[in-house]
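Colleague: I am new to this one, and I would like to know what lies behind the words people use for it. Could you take me through them?

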Amino acid sequence: MGCPSESSIEIKFSDTGKGIAPSDVPKVFDPYFYSKGLGTQKGRGLGLSVVKALVENHGGSIAIKSRLNKGTQVIINLPSCAMKRRLVREQFDSLHPEKPIVLIMDDEPSVRVRTLSQRLLERLGYAVIATGNSMGAQFSYEYACQHHVQIDLVLFDQNIKNSSGGIETLNRLHQSGFNGKSVIVTGSPSSPVISDYKFYGFDARVLKPFSIKEFEKVIASVMTE
């Protein structure tokens, strides 16, 4: 393991095996890629793609170096808690001081849902703090409390990969004193939180995919209650 710094932690795994062919190295993170014959075994080739998703979901990166007949090295870099807190601080420092603040938790920043939500809220006059997991949401709320900043609304996705979802995260924030408005977001129409969102502590719910008008209507309704 590399020496931890304020910005990141580096973890290295090495072996002295046969190594990976240079032509295969770029493919090792592809789902179902497997350089050996499968035979009767099923489901191989998923391990590294799952690891990559886990690492990237926590804001990190993973790389592989390999030489034939020399061995392979896997290098993982993860942001430290100090780094995550610094990123939270930077987001708060960039907010407009007079706008109500919305905290978004969604683990898919590359897809249109989180980006669309953020842009819509900004267009409606809100300042937005965005995070991809429960830890980031908790850091954001802790920072707000420490600096006497009020978070007016949280918009939490229920299904967060490898992290607590919206229900658990809202419960923790409530235990810490959060009393603002809350909206649960999910792409699962059969989820219990959709039909009984108030039981779980939410003021409204949004089912993905949603239209712009539907989203704006829900936010306006919640914030004027």
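**Reasons behind the words**

Modeller: Gladly, and let me start with a single residue: phenylalanine 199 is exposed, with a relative accessible area of 63%. Please keep in mind that this is a predicted model.

Colleague: What makes phenylalanine 199 exposed?

Modeller: Exposed means over 50% relative accessible area. Phenylalanine 199 has 63%, so the word applies.

Colleague: And tyrosine 200: why is it called partly exposed?

Modeller: The relative accessible area of tyrosine 200 is 27%. Buried would need a value under 20% and exposed one over 50%, so tyrosine 200, at 27%, is partly exposed.

Colleague: What makes the aromatic pair of tyrosine 141 and phenylalanine 178 edge-to-face?

Modeller: A search of the whole structure finds 4 aromatic pairs, and this is one of them. The ring centres are 5.9 Å apart and the planes make 90 degrees. The limits are 6.5 Å for the centres and over 60 degrees for edge-to-face, so the rings pair, and they do so edge-to-face. The two residues come from distant parts of the chain: tyrosine 141 sits in helix H4 and phenylalanine 178 in the loop between H5 and E7, 37 residues apart. Both tyrosine 141 and phenylalanine 178 are buried.

Colleague: How do you know that phenylalanine 199 and tyrosine 200 form an aromatic pair?

Modeller: Their centres are 5.1 Å apart, and the cut-off is 6.5 Å, so they count as a pair. This pair is also edge-to-face, with 90 degrees between the planes.

Colleague: Let us turn to the sheet. In what order do its strands come?

Modeller: The order is E5-E4-E6-E7-E8, in an open sheet of 5 strands with parallel pairing.

Colleague: Why do E5 and E8 stand at the edges?

Modeller: Strand E5 (127–131) and strand E8 (204–207) each have a single partner strand, so one side of each has no neighbour in the sheet. On average, neighbouring strands here are turned by 20 degrees against each other, direction ignored.

Colleague: How do you know that E4 and E5 pair?

Modeller: At least two bridges are needed for a pair of strands. E4 and E5 have 5 bridges, in the parallel sense, so they pair. One example is leucine 103, whose bridge partner in E5 is isoleucine 129. E4 and E6 pair in the parallel sense as well, over 5 bridges, and there isoleucine 104 stands opposite leucine 155. Further along, 4 bridges join strand E7 (residues 181–186) to E8, with valine 183 partnered by alanine 204.

Colleague: Which helices lie on these strands?

Modeller: Helix H5 (residues 166–175) lies across E4, E6 and E7, at about 155 degrees to E6. Helix H7 (residues 212–224) touches E6, E7 and E8, and its direction makes about 140 degrees with that of E6.

Colleague: What makes E4 largely enclosed?

Modeller: Of its 5 residues, 5 are buried, so the rest of the structure largely encloses E4. Ile101, Leu103 and Met105 point one way, while Val102 and Ile104 point the other way.

Colleague: Which residues touch the most other members of the largest nonpolar core?

Modeller: They are Phe92, Leu103, Ile151, Val154, Phe156, Leu173 and Phe178, out of 23 residues. Helix H4 gives the most to this core, with 5 residues. Apart from it lies another core of 18 residues, among them Leu116, Val206, Phe215 and Val218.

Colleague: What is unusual to look for in the backbone?

Modeller: Look at asparagine 69, where phi is near 65 degrees, a positive value in a residue other than glycine. It lies in the loop between strand E2 (61–67) and strand E3 (71–79). Asparagine 69 has a relative accessible area of 65%, and over 50% counts as exposed, so exposed is the word for asparagine 69. A cis peptide bond joins lysine 208 and proline 209, with omega about -5 degrees, and proline 209 is in the loop between E8 and H7.

Colleague: Last one: where is the pLDDT below 50?

Modeller: Over residues 1–6. Where pLDDT is low, the predicted coordinates should not be read in detail. For the chain, the mean pLDDT is 82, and 83% of the residues reach 70 or more.

Terms used: Residues are numbered from 1 along each chain as its sequence is written. This is a predicted model: local features need pLDDT of at least 70, side-chain atom pairs count only at pLDDT 80 or more; totals for chains, interfaces and linings use all residues. Side-chain values use heavy atoms; hydrogens and water are left out. Axes are lines fitted to C-alpha atoms, for helices over the stretch in contact, and angles run from 0 to 180 degrees between N-to-C directions. Contact means heavy atoms within 4.5 Å. A nonpolar core is a set of buried Ala, Val, Leu, Ile, Met, Phe, Trp, Tyr and Cys residues joined through side-chain atoms within 4.5 Å. Buried means under 20% relative accessible area, exposed over 50%, partly exposed in between (1.4 Å probe, protein chains only). pLDDT is the predictor's confidence in each residue, from 0 to 100. Rings of Phe, Tyr and Trp (its six-membered ring) pair if their centres lie within 6.5 Å; planes under 30 degrees apart count as stacked, over 60 as edge-to-face and the rest as tilted.
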